[in-house]
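Please look at the sequence and the structure shown below before reading on. The paragraphs that follow are meant to be read with both in view.

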Amino acid sequence: MQDFAPGAAVESRRTNGRTLATALLDALKDRGARQVFGLPGDFVLPFFRAVQESAILPLYTLSHEPSVGYAADAAARLGSTLGVAVVTYGAGALNMVNAVAQAYAEKSPVVVISGGPGAEEARMGLGLHHQVKSLNSQFEIFREVTCAQAILNDPDTAPFEIARVLDTALSMSRPVYLEIPRDLVDRPCPRVPRLALPQADATAARACAREILDRLRAAERPAILIGVEARRYGLEGKLAALCRALGVPVATTFMGRGLFAGEILPLLGTYLGSAGEPDVAEAVEGADCLLMLGVILSDTNFGVSYRNIDLRASIRAFDGAVAFSHHNYPGILLEALVDALAEIAEPIGSAAAAPSPRYTTGLVYDDTPLEPSDVATALNDLFATSGVMPIAADVGDSLFVGLEVCETDLVAPGYYASMGMGVPAGLAICTATGRRPVVLVGDGAFQMTGWELGNCRRYGWAPIVLVLNNRSWEMLRCFQPDQPYHDLDDWHFAQMAVPLGGEGVRVETRAQLKDALAAAYRDGRSFQLIEVMLPRGKTSRSLCRYSAAMRQLSVLKDE
Ligand SMILES: Cc1ncc(Cc2csc(CCOP(=O)(O)OP(=O)(O)O)c2C)c(N)n1
Ligand SMILES: [Mg+2]
């Protein structure tokens, strides 16, 4: 490790007073980051101070590192840009591994910045507090859940290492890891350069586009399935225009739910196999040429297909390559392919830009006890009169209730499916978009990260939080009925809202839910927690179909 030359004064003239910390923060901002989420510790206090005092990016602290990771992930998804999570070495960063793993699996460019030991203490030869096996253990652990990593312990290479790692996060749309030794934070540092991102090979993209269009033209039942990369690379507008020009029916994946909110295109809806709308399943599974754009091939996207999709008849553009049945085009960035397709697009089908798919409205105002799907109907009614709100949904039935809400921006971990993201993602929506979100979260998931609502008052955040309280890990009960460990106690969450700085109400009937939603919508002064009491053993229509399909599939496999 090389210490900075004694002539720091000379150095700082070359660096215009910029330090390693502010050079990193400038580089993050230059690349689209809009805020920093974090939780400090002694190894990262110098960097925290630099974030605070430089004010290059606003700093929001949360109460537990998983929430910091979830919030940074949500900010990345919402803005199709970098999300930033700053934590301390060891106890902090390793607390966040699961959230970063989720970001990796779901292609979200989170930048993990961890404070680290300084040169002197690293040389002491003593075990440092927060150290695992070796000083490099954390780096090795994060190597497995990120696409690029660096320890910024060489001032000469730090600017290029930062550029390499951040530009890789953008081009791969996956998380990255930076460790900043606490004794180097304030060292003079030149501006971080912009490295040339991998340039799209336009010629190859055009050749690929011609082959795709030839296959779509030759097909009798072409269809297009679009996944999360459409959002990660900010391509929803271009893709909607392309699909309108082609006139081919379009569906989004389970992961891609919430794409194209406000766009006009021949969108059939969300493909959920036998758990979703039959006409959507038929269009996707019956296609004799299925063009998949930005789709993660996962069990949640394809796990409940009526029949296996014939991948030989499909074309898949994902992770910067395009795969046909027996050959590939490497190095084709999705945006370059979409641009090349748009250049030669012509009407192939007659699928008109369909009106938004059907969503249930008209919840009756009466004393009928609530069921999960009533929550979606009540939200659809509210949005029909007051305009849509962005939604953050946690894992459990809340994820499936979110499928039944009309087209709107949706942040939900539909593939890696870790619980706990709902509330932190809702807080990120507040700061990343300036809009007021609705959070859908089960009682089990709320027990994990719901307490982050206690941070709303400091920052003026006012989400509407619907806690679906069935006193149960109900989604697990669907797959493994009659086990007592799925029964949770009644935690009376609504009563905890005021001490946390918000308002809370408990509702049991449809009329009470409608009144509570209307009141919460009117009151933007603080977070509004609506505790929706639901019976055990009852799930949303979507989860009911999904779990029935999973059971049916497992029966078929056993035969
Ligand atoms: C971090 C993590 N640990 C465990 C699990 C496994 C799980 C998936 S769904 C579920 C129950 C969720 O209960 P909740 O009350 O929130 O919602 P509901 O089912 O509608 O009643 C669990 C425990 C996951 N996915 N992530
Ligand atoms: Mg529950």
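The explanation below moves from the annotated regions to the bound ligands and then to several individual residues.

The structure is a predicted model. Two regions of the chain can be located with the help of database annotations. In UniProt, an unreviewed entry lists residues 19-130 as "domain: Thiamine pyrophosphate enzyme N-terminal TPP-binding". In the model, this span is 48% helix and 17% strand, and the C-alpha atoms at its two ends lie 26 Å apart. The UniProt annotation "domain: Thiamine pyrophosphate enzyme TPP-binding", also from an unreviewed entry, covers residues 409-532. Here the chain is 34% helix and 19% strand, with 22 Å between the end C-alpha atoms.

Attention may now turn to ligand 1. Which residues are closest to ligand 1? Of the 17 residues that surround ligand 1, the closest are D397, G444, A445, S472 and M475. By chemical character, the shell around ligand 1 divides into eight nonpolar, six polar and three charged residues. The backbone of the protein also approaches oxygen atoms of ligand 1. A polar backbone atom of A445 is 2.8 Å from an oxygen atom of ligand 1. For E474, a backbone N or O atom lies 3.0 Å from an oxygen atom of the ligand, and for M475 the distance between a polar backbone atom and a ligand oxygen is 2.7 Å. On its own, ligand 1 has 590 Å² of accessible area, and the protein covers 80% of this area. The elements that contribute two or more residues to the shell are α19, residues 443-449, and α21, residues 474-479. Helix α19 provides the largest share, namely four residues.

The next site is that of the magnesium ion, which is ligand 2. Which protein atoms serve as donors of the magnesium ion? The donors are D443 through OD, N470 through OD1 and S472 through O, and they lie 2.1 Å from the ion. Along the chain, these donors follow the spacing D-x26-N-x1-S. D443 lies in helix α19, whereas S472 lies in the loop between β17 (464-469) and α21, so the pair ties together parts that are 29 residues apart in sequence. Are D443 and S472 buried or exposed? A residue is called buried when its relative accessible area is under 20%. D443 has a relative accessibility of 2% and therefore counts as buried. S472 is likewise buried, because its relative accessible area is 4%.

The loop between β17 and α21 also holds R471. This residue has a positive phi of about 50 degrees although it is not a glycine. At 27% relative accessibility, R471 counts as partly exposed. Another residue with a positive phi is S173, whose value is near 50 degrees and which is likewise not a glycine. S173 is located in the loop between α9 (158-172) and β6 (176-181). With a relative accessible area of 1%, S173 is buried.

Two further buried residues make polar contacts through their side chains. The first example is R77, which lies in helix α4, residues 65-79. R77 has a relative accessible area of 4% and is therefore buried. Its side chain makes a polar contact with the side chain of E106, at 2.9 Å. The second example is S298, found in the loop between β10 (289-293) and α14 (299-302). S298 is buried, with a relative accessible area of 6%. A polar contact of 3.1 Å joins the side chain of S298 to the side chain of T300.

The final residue to locate is R49. It is placed in helix α3, residues 45-54. Its relative accessible area of 38% makes R49 partly exposed. How far apart are the C-alpha atoms of R49 and V185? They are separated by 9.8 Å, while the two residues are 136 residues apart along the chain.

Definitions and conventions: Residues numbered from 1 in each chain as written. Chains lettered and ligands numbered in written order. Predicted model: local features only at pLDDT ≥ 70, side-chain atom pairs only at ≥ 80, totals over all residues. Heavy atoms only, no water. UniProt positions renumbered as here; feature names shortened; annotations may be inferred. Near = heavy atom within 4 Å. Polar contact = N/O pair within 3.5 Å; in protein donor to acceptor, adjacent residues only side chain to side chain. Areas by Shrake-Rupley, 256 points an atom, 1.4 Å probe, with all protein chains shown as cover. Nonpolar A, V, L, I, M, F, W, Y, C, P; charged D, E, K, R; others polar. Donors = N, O, S within 2.8 Å, 3.2 Å for Na, K, Ca; no water. Buried < 20%, exposed > 50% of the residue type's maximum accessible area, 1.4 Å probe, protein only.
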